[in-house]
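Biologist: I'm new to this one. Could you walk me through how to read it?

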Amino acid sequence: MSEIPVFDLQRAVAQVARDVQQQWLSLTERTAFVGGAEVEAFEQSFADYLSTAGCVGVANGTDALELAIRALDLQPGDEVIVPSYTFIATAAAICLAGGQPVFADVESKTLNLDANDLRHRITSRTVGVIGVHLYGRPFLVDAIVAICRQHGLWLIEDAAQAHGARWHGGSVGSFGQLATWSFYPSKNLGCFGDGGAVTGNDTELLNRVRLLANHGRTAHYEHSEVGRNSRLDALQAAVLNCRLPGLEADNERRRAIAATYRLVLSQVGDLKIPEDHREALPVYHQMTVLTSRRDDLRDHLSERGIGTAIHYPRALHLQSAFAPSGQPASELPVAEAAGEQVLCLPMFPQLTDAEVETVCEAIVDFFG
Ligand SMILES: Cc1ncc(COP(=O)(O)O)c(C=O)c1O
């Protein structure tokens, strides 16, 4: 067990445990487990928080992606461009919806979708783009929105790691046709199990997502198309209602921790810290550094009781799950190098200044 974990769910949960217990007791007494007031209240407050027209709660962030893609009318074989350096769900959802992911490289400066590389991958079969606000750091929204408009492509923002992040003051999740969210427990806004949502400003599209997430049901035992069962359950919505009010303060604390890491580690060894675009207000879901000595640094920190994580060790175009994509390895050099160099340091709002200092000292010590 690490003395300083990379993420500490117990400390995060302790902050809201009492509130959640009261809510869950009330739900148990009312046996109101699916749908109902808690889910509606969360959907409304999350949409208000983001300033979007609406929010549809679903079962998890992977379903959110698949449902959003289907709501945008993807046809079999349609191509969707996606960054190669992200969690597998971003690209898997395209396959699950019947489409073909096309992987683009990421910027070496930010590790987010590279707008130039994206432009080169557009073909006559391309219908959309999924951008990922990786590690809670917004991608180049203006350029990517402009490319999508110019080529008549839809844009989904995968905001699973970016609750509360902003671009030019506007919330991420309000720039694409739709945005998708995960509330997995370790996320900046996490529940006590699985949960997800789709948000956006086009109510018709959101209604389609809601329909698809509920068996295509138009009335009791009336179904206009084949959908699935993907609902945010009331117990999880109650947790999210307890946690949403604390999100801004949590994100502020994450930024303060990130600022300390940046200050102390900016000139140490060959460490590189991904930069943020000027217009971005990040929320540091992860605090990521890159070094050619990643594995040795990880061992060094582990010997000192400091936990780290590797998000992600292998770019998606190199995963056998996507082998049929047929993209030659050398085509996406930044994503490939990231897989070998990325290390995520301890990052969660309850991390103390003393702990951050200990982590920094251990890293400085490693590079001598
Ligand atoms: C970028 C990204 N997209 C999608 C997902 C999928 O979310 P879930 O685990 O809730 O299905 C995750 C979750 O880790 C993620 O990080």
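Modeller: Sure, beginning with the vocabulary: helices (H or I, at least four residues) and strands (E, at least two) are DSSP runs, numbered from the N terminus. With that, Ile310 can be placed in the loop between helix 11 (294-303) and helix 12 (333-341). This is a predicted model, where local features need pLDDT of at least 70, side-chain atom pairs count only at pLDDT 80 or more, and totals for chains, interfaces and linings use all residues. Residues are numbered from 1 along each chain as its sequence is written, and side-chain values use heavy atoms, with hydrogens and water left out.

Biologist: Which residues is Ile310 in contact with, leaving aside its neighbours within four places in sequence?

Modeller: Contact means heavy atoms within 4.5 Å. By that rule Ile310 touches Arg294, Asp295, Arg298, Val342 and Leu343. As for Ala146, 164 residues away along the chain, its C-alpha atom is separated from that of Ile310 by 32 Å.

Biologist: How do I read a pair of packed helices?

Modeller: Two packed helices are described by the angle between their axes and the distance between the axes. Axes are lines fitted to C-alpha atoms, for helices over the stretch in contact, and angles run from 0 to 180 degrees between N-to-C directions. Here, helix 2 (residues 17-30) and helix 9 (residues 234-243) have axes that come within 9 Å and cross at roughly 150 degrees.

Biologist: Is the crossing of helix 2 and helix 9 left-handed or right-handed?

Modeller: A crossing is left-handed if the near helix is turned anticlockwise from the far one by less than a right angle, and right-handed if clockwise. This crossing of helix 2 and helix 9 is right-handed. Helix 2 brings Asp19, Val20, Gln23, Trp24 and Leu27, which meet Ala234, Leu235, Ala238, Val239 and Cys242 in helix 9. The residues of that contact divide into eight nonpolar, one polar and one charged. For those classes, Ala, Val, Leu, Ile, Met, Phe, Trp, Tyr, Cys and Pro count as nonpolar, Asp, Glu, Lys and Arg as charged, and the others, Gly among them, as polar.

Biologist: Now the empty spaces. How many cavities of 30 Å³ or more does a search of the whole structure find?

Modeller: On a 1 Å grid over the protein atoms alone, a cavity is a set of points where a 1.4 Å probe fits but cannot get out, and a pocket is an open set with protein on both sides within 12 Å along at least five of seven lines; lining residues have an atom within 4 Å of a point. Grid points are joined across faces, edges and corners, and a volume is the space filled by probe spheres set on the points. The search finds two such cavities. The largest cavity has a volume of about 60 Å³, and its lining includes Phe7, Lys187, Asp250 and Phe348.

Biologist: Where does the largest cavity lie?

Modeller: Domain bounds come from an automatic or database domain assignment. Domain 1 (9-245) and domain 2 (247-367) both give residues to the lining of the largest cavity, so it lies between them.

Biologist: And what is the volume of the largest pocket?

Modeller: About 520 Å³. Of the 29 residues that line the largest pocket, Phe87, Gln161, Tyr184, Lys187 and Tyr312 are the closest to its centre. Helix 4 (61-71) gives the largest share of the lining, three residues. By class, the lining of the largest pocket has twelve nonpolar, 13 polar and four charged residues.
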